[in-house]
Amino acid sequence: MTGIISERSVDFYIKHKISPVTKNISRLAIYFQKRESLFRHLGIIPSFLAGKTALEFGPGGGHNSIFTLSLKPARYVLVDGNRTGLASVERLFDKHKNGVTQSEVVESFIEDFSTEERFDFVICENVIPLQQNNPAYVLRCVADFVKPGGLLVVTCMDPVSFLADVLGQLAGELIVAPEMTIQEKLDVMRPFFQMNLDALPGANTLVDDFMMDSIIQHYPKDGKMQSISDTINELSDLFDVYGSSPHFLIDWRWHKNIHGDHVNYNQRAIELYEKNIYNLLDYRCILTEIAERENTLVRKLCDNIFEATKKFRKDRQLMYIEAIRSDVTQLADIACQYSQETADSLNDFVRGLDAFISAKPWPWLEKFAAFCGRGTQYLSFIRRHDTT
Ligand SMILES: C[S@@+](CC[C@H](N)C(=O)[O-])C[C@H]1O[C@@H](n2cnc3c(N)ncnc32)[C@H](O)[C@@H]1O
């Protein structure tokens with residue numbers, strides 16, 4: 001298989017010889033508890049991996065992978081296109097080796113990786129959405145390596161869950177001047193993004209890594225998202241959705257009624273996702289489901305904003321900023337019915353846009369700083385037995 005994707009996010013890492021996804025793991029026990037919580041949401045009990053085979057695509061520097069390693073799979077293969085990240089994986093694995101797991105790192109693009117082996121557990125985290133051009137194709141490549149009966153874990157994102165990031169990226173672009181060097185941009189943006197990360201309990205990303213990965217990388221690139229429903233639809237012929245983080249999959253049916261044509265795990269998961277779209281906007285709020293009409297409008301507004309930021313990035317025309325201003329204001333009007341702090345954050349961002357429109361310095365946006373969506377959602381899937 002050869003890569004059909006012309007330009008990938010991984011190319012940016014390779015070009016700059018970086019792996020800007022370092023996590024602070026100085027408090028390893030707490031870090032592992034967070035990973036355990038994620039696995040719990042996904043239905044992965046601590047003993048699941050012992051003696052099994054595991055494959056990870058895009059481990060970055062391997063900070064998350066050492067938790068998977070601690071669960072003692074018999075064999076663990078890690079595939080990444082970026083040599084700098086893999087060197088960090090090897091260093092970390094040397095330090096945390098458990099004497100049980102046979103591990104192997106493979107330098108390869110996902111699209112080019114090939115083996116006859118099929119694995120009990122395949123994970124690909126924060127890699128597929130925003131792949132240039134074709135995340136669905138990359139998803140299929142990844143899913144192909146799961147054994148029948150095995151477990152797949154992938155991440156999803158959509159314009160609602162990612163709105164806070166999209167606006168943060170836009171702020172980064174409006175704060176700096178396009179002609180600055182990367183180092184100058186990092187220096188100018190650092191105070192603003194440090195404030196944002198400080199306002200987010202639980203964040204363990206380094207500010208410079210965050211800016212390289214989330215802001216600088218997006219000049220002038222833009223990929224496509226891969227939402228929960230896109231992901232489930234893409235895999236429905238071979239897989240059934242099993243768990244999710246956040247854990248929004250609820251099934252009140254009597255198990256004796258779940259068989260044959262009535263199984264419908266995938267369709268139900270899509271319905272639950274669509275009812276909960278608004279809940280992806282701001283991690284601070286947990287709401288009951290809101291009206292379908294409003295979920296649709298919220299998605300439409302977030303979609304418009306994402307598309308307008310891409311257009312602005314191309315030719316920096318002020319009309320796109322004005323359109324974004326209008327959509328963010330409309331979203332704030334909807335949000336104030338359900339979560340005032342979301343509305344306050346959005347209105348704070350409008351203050352920033354107003355400053356940019358009237359050529360004033362970018363203001364200090366404390367209420368916006370606290371705004372963070374449920375950016376990435378995880379799904380686990382079981383591969384059906386009747387598929388090979
Ligand atoms: C954003 S980082 C995520 C790292 C880690 N999984 C995490 O969640 O922190 C994406 C990783 O996937 C790798 N990657 C992205 N696209 C890839 C591709 N098409 N083929 C191989 N590796 C890829 C990058 O090199 C990087 O290590």
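Proline 246 lies in the loop that runs between strand 6 and helix 10. In this predicted model, the peptide bond between serine 245 and proline 246 is cis. Its omega angle is about 0°. Strand 6 covers residues 239–245, and helix 10 covers residues 265–275.

Two further loop residues have unusual backbone angles for their type. Lysine 72 shows a positive phi of about 60°, although it is not a glycine. This lysine sits in the loop between helix 3 (65–70) and strand 2 (75–80). Lysine 72 has 17 C-beta neighbours inside 10 Å, so it counts as partly exposed. Leucine 130 also is not a glycine, and its phi is positive at about 70°. It belongs to the loop between strand 4 and helix 5. Around leucine 130 there are 19 other C-beta atoms within 10 Å. A residue needs 20 or more to be buried, so leucine 130 is classed as partly exposed.The secondary structure of the protein consists of 14 helices and seven strands. The radius of gyration is 21 Å, close to the 21 Å given by the globule rule for 388 residues, so the protein is as compact as a globular protein of that length. Along the principal axes, the C-alpha atoms fill a box of roughly 60 × 50 × 40 Å. Of the 388 residues, 40% are buried. Contacts also reach far along the chain. Among those between residues at least 6 apart in sequence, 74% join residues at least 24 apart.

The seven strands form an open sheet. Their order is 3-2-1-4-5-7-6, and the pairing is mixed. Strand 3 (102–107) and strand 6 are the edge strands, and each pairs on one side only. From one strand to the next, the twist averages 15°. Strands of a sheet pair through backbone hydrogen bonds, either parallel or antiparallel.

Strand 4 (residues 119–124) has parallel partners in strand 1 and strand 5. Four bridges join strand 1 to strand 4, and five bridges join strand 4 to strand 5. Individual residue pairs can be picked out. Phenylalanine 57 stands opposite cysteine 124 in strand 4. Valine 122 has leucine 152 of strand 5 as its bridge partner. Isoleucine 123 is partnered by valine 153, also in strand 5. Helix 5 packs on the sheet. This helix touches strand 1 (53–57), strand 4, strand 5 and strand 6. The direction of helix 5 makes about 145° with that of strand 5. How enclosed is strand 4 by the rest of the structure? Five of its six residues are buried, so strand 4 is largely enclosed.

Strand 5 also contains proline 148. Proline 148 has 13 other C-beta atoms within 10 Å and is partly exposed. Its C-alpha atom lies 9.0 Å from that of leucine 238. The two residues are 90 residues apart along the chain.

Helix 9 (residues 228–235) has several buried positions. They are Ile228, Asp230, Thr231, Ile232 and Leu235. An α-helix has 3.6 residues a turn, so residues three or four places apart point the same way. Which elements cover the buried residues of helix 9? The cover includes two helices, helix 5 (135–143) and helix 10. It also includes strand 5 (146–156), strand 6 and strand 7 (377–383).

The ligand is surrounded by 21 residues. Gly58, Gly60, Gly81, Asn82 and Asn126 come nearest. Helix 1 (residues 9–16) supplies the largest share of the shell, with three residues. By type, the shell divides into eight nonpolar, nine polar and four charged residues.

How values were computed. Residues numbered from 1 in each chain as written. Predicted model: local features only at pLDDT ≥ 70, side-chain atom pairs only at ≥ 80, totals over all residues. Buried ≥ 20, exposed ≤ 12 C-beta atoms within 10 Å, placed from the backbone. Contact = placed C-beta atoms within 7 Å. Near = placed C-beta within 6 Å. Nonpolar A, V, L, I, M, F, W, Y, C, P; charged D, E, K, R; others polar. Rg over C-alpha atoms; globule rule 2.2 N^0.38 Å. Pairing = 2+ DSSP bridges. Axes fitted to C-alpha atoms, helices over the stretch in contact; angles between N-to-C directions.
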